[in-house]
Amino acid sequence: MTGQNPHSLDPIAEAHRQWSARWPGHADQMAAVTSVMRAQQLLLSRIEAVLKPFGLTFAAYEALRLLAFTRTGTLPMGKMGERLMVHAASVTNVIGRLERRGLVGRGPSPADRRVVLATITADGRALAEAATAALHEADFGLPGLSPAQASAITGALRAVRASAGDLPPDDDLVDDGPVDESLDGRLPEVPLNGVLSPENASPENAR
């Protein structure tokens with residue numbers, strides 16, 4: 001589904017037509033899933049293009065941004081996986097690359113040496129702020145969409161997440177302050193986090 005001619009037939013609309021003729025009870029669900037998959041391809045491509053001048057993938061940006069959100073600039077690696085909704089191995093790989101660039105440091109927790117802490121450096125914080133400004137300028141790959149339209153997308157996808165059991169029991173709780181290590185797995189409000197993350201896409205996009 002790459003490189004489609006915008007003036008050609010919409011493949012998803014055609015698939016919906018075919019499903020409607022054969023399995024009308026499942027046509028809308030098929031089109032919804034296919035539309036999400038296609039939108040993920042398009043948005044990830046746009047986001048990665050914005051971040052490329054900073055030498056960041058979206059996965060690396062998410063990690064830096066999460067650390068910058070915390071009060072101390074530090075989080076246990078395990079909790080980073082929970083907050084970013086990715087496997088622990090993915091966090092280790094991303095943090096390792098950021099560490100080699102001097103953007104993040106790693107070390108054992110003074111309270112429990114079995115726990116590895118990741119800490120954002122001054123250079124990492126500066127890069128996170130610059131990359132965030134660029135993403136804001138690009139409207140996170142959604143130029144032309146109003147805030148109301150973007151909110152509607154989030155709401156629709158929230159229903160999908162809820163049906164899959166992806167939301168925590170205390171989801172109605174809102175934390176308006178910086179993310180703190182004591183939140184015990186509550187997810188920070190990172191725009192489109194997880195929906196765009198390469199770890200949640202195809203294997204070749206894993207970082």
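# A walk through the chain

Select D139 to begin: its relative accessibility is 42%, so D139 counts as partly exposed. You'll find D139 in the loop between α6 and α7 (147-163). Check the backbone while you are there: phi of D139 is near 55 degrees, a positive value in a residue that isn't glycine. Keep in mind, here and at every stop, that this is a predicted model.

Now step along to F140. Is F140 buried or exposed? With a relative accessible area of 11%, F140 is buried. F140 also sits in the loop between α6 and α7, and its phi is positive too, near 50 degrees, again in a residue other than glycine.

**Zoom out: the whole chain**

Colour by secondary structure. There are seven helices and three strands, and reading from the N terminus the order is α-α-α-β-α-α-β-β-α-α. Of the 207 residues in the chain, 35% are buried. If you draw the contacts between residues at least 6 apart in sequence, 61% of them join residues at least 24 apart.

Switch to colouring by pLDDT. The chain average is 84, and 78% of the residues score at least 70. Which elements mark the two ends of the scale? Helix α4 (residues 77-84) has the lowest mean pLDDT of the elements, at 93, while helix α6 (residues 122-137) has the highest, at 98. Then select residues 173-177, where pLDDT stays under 50 and the model has four contacts beyond four places in sequence. Residues 179-207 are below 50 as well, yet this stretch has 71 contacts in the model beyond near neighbours in sequence.

**Into the core**

Go back to F140 and show what surrounds Y61. Leaving aside residues up to four places away in sequence, Y61 touches F140 along with L51, L56, A128, A131, T132 and L135. Y61 is also one of the residues with the most contacts inside the largest nonpolar core, a set of 33 residues; the others are L51, L56, L64, M80, I95 and L98. Show those seven side chains as sticks. Which elements feed this core with at least two residues each? They are α2 (27-51), α3, α4, α5 (88-100), β3 (116-120) and α6. Helix α3 gives the most, with nine residues. As background, nonpolar side chains in soluble globular proteins tend to be buried together.

**Helix α3**

Select residues 58-69, which is α3. Put a distance between its end C-alpha atoms: they are 16 Å apart, which agrees with the 16 Å that 12 residues should span at 1.5 Å a residue. How many residues of α3 are buried? The count is 11 of 12, so the helix is mostly covered. Run along F58, A59, A60, Y61, E62, A63, L64, R65, L66, L67 and A68 to see the buried ones. E62 and R65 are among them. Stop at R65 and turn on F69: the charged end of R65 sits over the ring of F69, 4.6 Å from the ring centre.

**Helix α4**

Next, select α4. Six of its eight residues are buried, which leaves this helix mostly covered. Those buried residues are M77, K79, M80, G81, R83 and L84; M80 is the one you have already met among the core residues with the most contacts. What do the buried residues of α4 pack against? Show α3, β1 (74-76), α5, β2 (104-108) and β3, and you have the partners. Just past the end of α4, click M85, which takes a positive phi of about 60 degrees.

**Two last stops towards the N terminus**

Select S35 in helix α2, then add I12. These two are 23 residues apart in sequence, but their C-alpha atoms are 7.0 Å apart in space. S35 has a relative accessibility of 33% and so counts as partly exposed.

Finish with W19 and W23. The structure holds two aromatic pairs. In the pair made by W19 and W23, the ring centres are 5.2 Å apart and the planes meet at 55 degrees, so the pair is tilted; edge-to-face would need an angle over 60. Both rings belong to partly exposed residues: W19 has 31% relative accessibility and W23 has a relative accessible area of 45%.

Conventions:
Residues are numbered from 1 along each chain as its sequence is written. This is a predicted model: local features need pLDDT of at least 70, side-chain atom pairs count only at pLDDT 80 or more; totals for chains, interfaces and linings use all residues. Side-chain values use heavy atoms; hydrogens and water are left out. Rings of Phe, Tyr and Trp (its six-membered ring) pair if their centres lie within 6.5 Å; planes under 30 degrees apart count as stacked, over 60 as edge-to-face and the rest as tilted. Buried means under 20% relative accessible area, exposed over 50%, partly exposed in between (1.4 Å probe, protein chains only). A charge sits over a ring if NZ of Lys or CZ of Arg is within 6 Å of the ring centre and within 35 degrees of the ring normal. Helices (H or I, at least four residues) and strands (E, at least two) are DSSP runs, numbered from the N terminus. The expected span of a helix is 1.5 Å times one less than its number of residues. pLDDT is the predictor's confidence in each residue, from 0 to 100. Contact means heavy atoms within 4.5 Å. A nonpolar core is a set of buried Ala, Val, Leu, Ile, Met, Phe, Trp, Tyr and Cys residues joined through side-chain atoms within 4.5 Å.
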